Amino acid sequence: MRTYFIKYTSTFLLLLASLQLLAQSADDAISAQHFFENGDYNSAIPLLEKLYQHNPGNIIYYNNLLTSYVKIKRLDSAESLINSTYTKYPYRTSCLVDQGYIEKKKGNRKKSEEYYNEAINKVTERPNSAHSISNQFQKYLETEWALKAYITAENYNSTLNFAIQKANLYGELGNVDSMLSNYFVLIEKQPERKNAVKRYLQNFIKQNPSPEINEKVKNTILLKIQETNEPAFSELLLWYFTEKKKYDSAFVQAKSLYKRNYSDLKIIQFLGEDALKVGQKGTAEKCFKYVRTEDQSGENYFKATKSLLEMQEDKAKNKMSHDEIITEYQEAIKKEPLNFEHFSLILSYAEFIAFVTNNSDKALEILEKETTPYKQYDNIIASKYILEGDIYMIKQEFTKSFLAYQKAETWTKDQYVADEAKFKGVKVAFYKGDFKWALGQAKVLKKSVSKWYANDSAELLITLQNSYSSDSSDVPLKLYAKADLLKMQGQNDSSYAYYNQIIQSFPNHYLVPTSLYAQSDILEKSMAYNRSIETLKTLYSKFPDNNLAPFALLRLSEVYLHKLKNEEEAKEWLRELLLKFPDSTLAENARELYDEIEN
């Protein structure tokens, strides 16, 4: 019994010691990584040496230790590490690249090239090692040697295909012709890889935005279309035209693909929607009309009809044009197939009647009558209840509005729709003036809702919190709630006046920049572009550190570009945004818009 106890105790103590060793090793690894990432190589080295000694096969410890030696110029230690590792693991031929790099650092260029050539020779023995060897060359910015590794591997094993990798390296070397050649050879052999090629080309064009390179890319694609019958090149040309915002050319290409049965009408619908977003309404209208002509009863028809009619609503100026739009809606709805696009068209019709013709009761009647066949579809019918809530909001029947939003939230299983309903329910309380309840619910919403409505909830929460803290009176907040409600109801003149009252009566209040931003939106929609610009400039000049400042700058550039067609002014405000707010979430939007102007 005693012997058993001694054996058990010894085993337990050994296990405990092993666990302590593992724990210490884990602590060392964390500390080493922390020192390494922060550039404290002298502190990292002792820990990495200890870790490497116990785990010589760990590539991360090896690489970090080697880099640390090089950074503090301990080249002899680096060389010793490489030699010991290569002796233990002779299959790790990337060590030859490391050795060549160390020789180069010492100034022994000839010796360095000998090691590099030895690494390339190893590729002839094991072509599959090309990737790891090339990566090691790239680590040391030896791009030509990295390329040579891939070319050598393909020469010795014809089944290997490093076209993507070679193309990327040719791009880095500025050899655009060879880069494109490799990308397109890959598409010929593997058409399914076309989306990968698009991504790489997109990055390359973004990083090299010169007109000459853009023209070369386009002409090379055109040449491949003439040389081959591969539809992937036609799709690539469509992508190129879309990327460059040349929607007229993209439409021609999309029709060609559709007629040859290489794509469906959804591509043309999406193209129209993209064109509409950047203000190319003529091309957008051509796309939607073409889709309707080609499909006169299916889902594409309803989607295109909805897009066309919503475009017409923007242009509607008189009762006659309203009547024509209503007739088109009614004719389309009569087709009555049970699908989402038809249901969406009904909602669009009700929105038009409620918000453009200002006939709320008629809109509610349409919703009740036309959506009856869809009552069993939980997710989509919830959208009907949200629209009902919006219409009751216009009528200022807040209780009915709140109940409609609650019904939508209960009905749907779609988190996005549920979150929209929750948020709008809180807005009802805000419009009613129940700020305390709205504040509490906004706090809950900020934590619980999906990413789509978290930002809106946060914005409402900040508005409520800051308004309470900046002024003991809730008068400005009541004015703001009234202005926001009127804006939502389409009563822009009255809304503008309420915002103005906040600006004039409470010039130092938190809601002033928010009110100015809302006024600029009203002015832009009223096509008073110069007044909108002056309002945005006032916001930025008086409140340069406000969270709305970058939004004002982006909107300024967009109004100059899309409304006044003044590219130079647009670029000036984009540069201001990128200079003053480089870390803003809008910086990427600004860069894309700037690239769009330049190209």
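These are my notebook entries on a predicted model, taken one topic at a time.

**Cores**

I started with the nonpolar cores. The largest one holds 87 residues. Phe 137, Met 179, Tyr 183, Phe 184, Leu 201, Leu 236 and Ile 268 have the most contacts inside it. Which helix gives the most to this core? I found helix 13, residues 231–243, with eight residues.

I then picked Phe 184 and listed its contacts, skipping residues up to four places away in sequence. Phe 184 touches Leu 201 and Leu 236, both also on the list of residues with the most contacts in the core. The rest of its contacts are Thr 220, Ile 221, Lys 224 and Phe 233.

Another core lies apart from the largest one and has 63 residues. Among them I noted Ala 332, Ile 353, Ile 380 and Val 417.

**Second largest pocket**

Next I looked up the second largest pocket, which comes out at about 940 Å³. It is lined by 29 residues, and those closest to its centre are Lys 245, Val 278, His 562, Leu 593 and Glu 596. Four elements give two or more residues to the lining: helix 11 (194–207), helix 15 (265–277), helix 30 (549–563) and helix 32 (587–598). Helix 30 gives the most, with six residues.

What is the lining like by class? I get 15 charged, nine nonpolar and five polar residues.

**Cysteines**

I checked for disulfides and got zero. I also looked at two cysteines for burial. Cys 95 has 1% relative accessibility, so I have it down as buried. Cys 287 is buried too, at 0% relative accessible area.

**Thr 283**

Thr 283 is in helix 16, residues 281–294. Is Thr 283 buried or exposed? Its relative accessible area is 5%, and because the cut-off for buried is under 20%, Thr 283 goes down as buried. Leaving out neighbours within four places in sequence, I see Thr 283 in contact with Tyr 247, Asp 248, Phe 251 and Ala 275.

**Lys 306**

I moved on to Lys 306, in helix 17 (residues 299–315). At 21% relative accessibility Lys 306 counts as partly exposed, because buried would need a value under 20%. Outside its neighbours within four places in sequence, the contacts I found for Lys 306 are Ser 344, Leu 345 and Ser 348. I also took one distance: Lys 306 and Ser 321 sit 15 residues apart in sequence, with their C-alpha atoms 16 Å apart.

**Positive phi**

Last, I went through backbone angles. Most residues other than glycine have a negative phi, so I wrote down two that go the other way.

Leu 141 has a positive phi, near 60°. Where is Leu 141? I place Leu 141 in the loop between helix 7 (130–139) and helix 8 (143–156). Its relative accessible area is 72%, so Leu 141 is exposed.

Gln 396 also has a positive phi, about 60°, and is not a glycine. I find Gln 396 in the loop between helix 21 (378–394) and helix 22 (398–411). Gln 396 has 38% relative accessibility and counts as partly exposed, because exposed means over 50%.

Conventions:
Residues are numbered from 1 along each chain as its sequence is written. This is a predicted model: local features need pLDDT of at least 70, side-chain atom pairs count only at pLDDT 80 or more; totals for chains, interfaces and linings use all residues. Side-chain values use heavy atoms; hydrogens and water are left out. A disulfide is a pair of cysteine sulfur atoms within 2.5 Å. Buried means under 20% relative accessible area, exposed over 50%, partly exposed in between (1.4 Å probe, protein chains only). Contact means heavy atoms within 4.5 Å. On a 1 Å grid over the protein atoms alone, a cavity is a set of points where a 1.4 Å probe fits but cannot get out, and a pocket is an open set with protein on both sides within 12 Å along at least five of seven lines; lining residues have an atom within 4 Å of a point. Grid points are joined across faces, edges and corners, and a volume is the space filled by probe spheres set on the points. Ala, Val, Leu, Ile, Met, Phe, Trp, Tyr, Cys and Pro count as nonpolar, Asp, Glu, Lys and Arg as charged, and the others, Gly among them, as polar. A nonpolar core is a set of buried Ala, Val, Leu, Ile, Met, Phe, Trp, Tyr and Cys residues joined through side-chain atoms within 4.5 Å.
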